[in-house]
Structures are given as C-alpha cells and as structure tokens.
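Reader: I am new to this structure and would like a guided look at it. Could you take me through the fold and then a few of its parts?

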Amino acid sequence: MNNEAALGTDVIGSAIRSEPNNVQLRQLMVEHLIATNDRTGAIRELDGAIKANPKNVRAYELKADLEQQSGDAAAAARTIEALKKELPDQGIGYFRAGQLAVAQKKPDVAIKELQQAIQKAPQAIEPRVALVGLYASQNRLDDASRVAEEFVKAAPRNLLAYQALGEVRLAQKRLPEAEA
C-alpha cells in the first residue's frame, strides 16, 4: 500500500519460508507479484506452490493463465498436461485444455478435450456450456442441440442447461421449443 513492492515481496517471502505449504500465503505472493507486474516471479512462485502441493488445481490454472497471457501457449499447454497427469480422474484439466484449444482456434482438439471433461465430471456445468457454445459457433446446431439435451438430462434442475437448450433451439429457428 506504501508503494514498497520489494518490502512486500520480502515480508510475504519470509512468511512462506516459515510455512512453505501454506496455500493462502503462496496465493497472496502470486497476487502481489502480478500486481507489481512480475509475471515471471508469479510463475516461479506458482511452480513452488505446485511442488509443495501437486494437487493444487488453482495453482495450475493461474500458471497456465499467466503463460497464455504472456503469449506462451506451449508453456500453458505443458502446465495443463501436468494438471491432467496429476489429476487424471477429474475433468478440470481436460476442460482447461479445451479452453486453450478454443483460444488457439483448434476446434477439433477443443471438442475432444471438452468431451473428456464431461466424461470425467458428468455433473460439471462449464464443459457442457463450453461445448454447446463451441458447436453453435461452428454452426453445428444439431451437435449443439444433442449436447444441450444431454445437459438437461444430466442436470434437470440447472437453469443454464435449459438456457443453453433454449438458445440452440432459437438458433435452429424452433421457436415454440425455444420458448418452452
């Protein structure tokens, strides 16, 4: 707050040295480093957080985001692959890989990754919404409709499932079904 970034880095760093497995301290350091435009330091700190707790999903996500924002999509892909390897039975790594593939304009890879995410985490909302949106953006409305219908079946009380299905029906010009 006093524009003493180096002091802040030293104080938080000292706290981390005394409690290296404290996830909140490491997250505070990452936020501090990002605020001071030290992306390299933030990535290095995230590497430390991942080493201290290899199942820290948020650390992988932040690292991949920073790498992608820095224009290093290959590094982001490696980070996401490491997440998938560490947590192979969870959908988050596949979802993030799908998001990266969308950003890289690789729709076939994105579809495959998002489908894997849905298979690994059938109740997760984000991969289904992303897959419906991807199909719709490619004007593959029948595929979008199929995924949206599966979404409604998997989560019959989820508003987003019905919204996704309604939007696909609207794009298909099936107005009465969209309204319903």
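Author: The answers below go from the whole chain to individual helices and residues.

Reader: What should I know about the model before we begin?

Author: This is a predicted model, in which local features need pLDDT of at least 70 and side-chain atom pairs count only at pLDDT 80 or more, while totals for chains, interfaces and linings use all residues. Residues are numbered from 1 along each chain as its sequence is written, and side-chain values use heavy atoms, with hydrogens and water left out.

Reader: What is the average pLDDT, and which elements score lowest and highest?

Author: The average is 91, and 96% of the residues score at least 70. Here pLDDT is the predictor's confidence in each residue, from 0 to 100. Among the elements, helix 1 (residues 5-18) has the lowest mean, 76, and helix 7 (residues 107-120) has the highest, 97.

Reader: How many helices and strands are there?

Author: The protein has 11 helices and zero strands. Helices (H or I, at least four residues) and strands (E, at least two) are DSSP runs, numbered from the N terminus.

Reader: Is the protein spread out or compact?

Author: Its radius of gyration is 20 Å, well over the 16 Å that the globule rule gives for 180 residues, so the protein is more spread out than a compact globule. The radius is taken over C-alpha atoms, and the rule is 2.2 Å times the number of residues to the power 0.38. Along its principal axes, the C-alpha trace spans about 60 × 35 × 30 Å.

Reader: And how much of it is buried?

Author: Of the 180 residues, 39% count as buried. Buried means under 20% relative accessible area, exposed over 50%, and partly exposed in between (1.4 Å probe, protein chains only).

Reader: Let us turn to helix 5. What length does it reach?

Author: Helix 5 (residues 73-86) has 14 residues and reaches 20 Å from its first C-alpha to its last, close to the 20 Å expected at 1.5 Å a residue. The expected span is 1.5 Å times one less than the number of residues.

Reader: Which of its residues are buried, and what covers them?

Author: The buried residues in helix 5 are A75, A76, T79, I80, L83 and K84. Their cover includes helix 4, helix 6 (92-103) and helix 7. In general, an α-helix has 3.6 residues a turn, so residues three or four places apart point the same way.

Reader: What does I80 touch?

Author: Not counting residues up to four places away in sequence, I80 touches A64, G93, R96, A97 and L100. Contact means heavy atoms within 4.5 Å. I80 counts as buried at 6% relative accessibility.

Reader: Where is E61, and how far is its C-alpha from that of I80?

Author: E61 lies in helix 4 (residues 57-69). The C-alpha atoms of I80 and E61 are separated by 7.6 Å, with their positions 19 residues apart along the chain counted as the separation. E61 is buried too, with a relative accessible area of 14%, and it touches I92 and R96, again leaving out residues up to four places away in sequence.

Reader: Now helix 10. What caps its N-terminal end?

Author: N158 does: a side-chain oxygen of N158 lies 2.7 Å from the backbone nitrogen of L160.

Reader: Which residues of helix 10 are buried, and against what do they pack?

Author: A161, A164, L165, G166, V168 and R169 are buried in helix 10. They pack against helix 8 (126-137), helix 9 (141-154) and helix 11 (175-179).

Reader: What follows helix 10?

Author: K173 follows helix 10, and its phi is positive, near 65°.

Notes:
A polar contact is a pair of N or O atoms within 3.5 Å; within protein, one must be able to donate a hydrogen and the other to accept it, and residues adjacent in sequence count only if both atoms are side-chain atoms.
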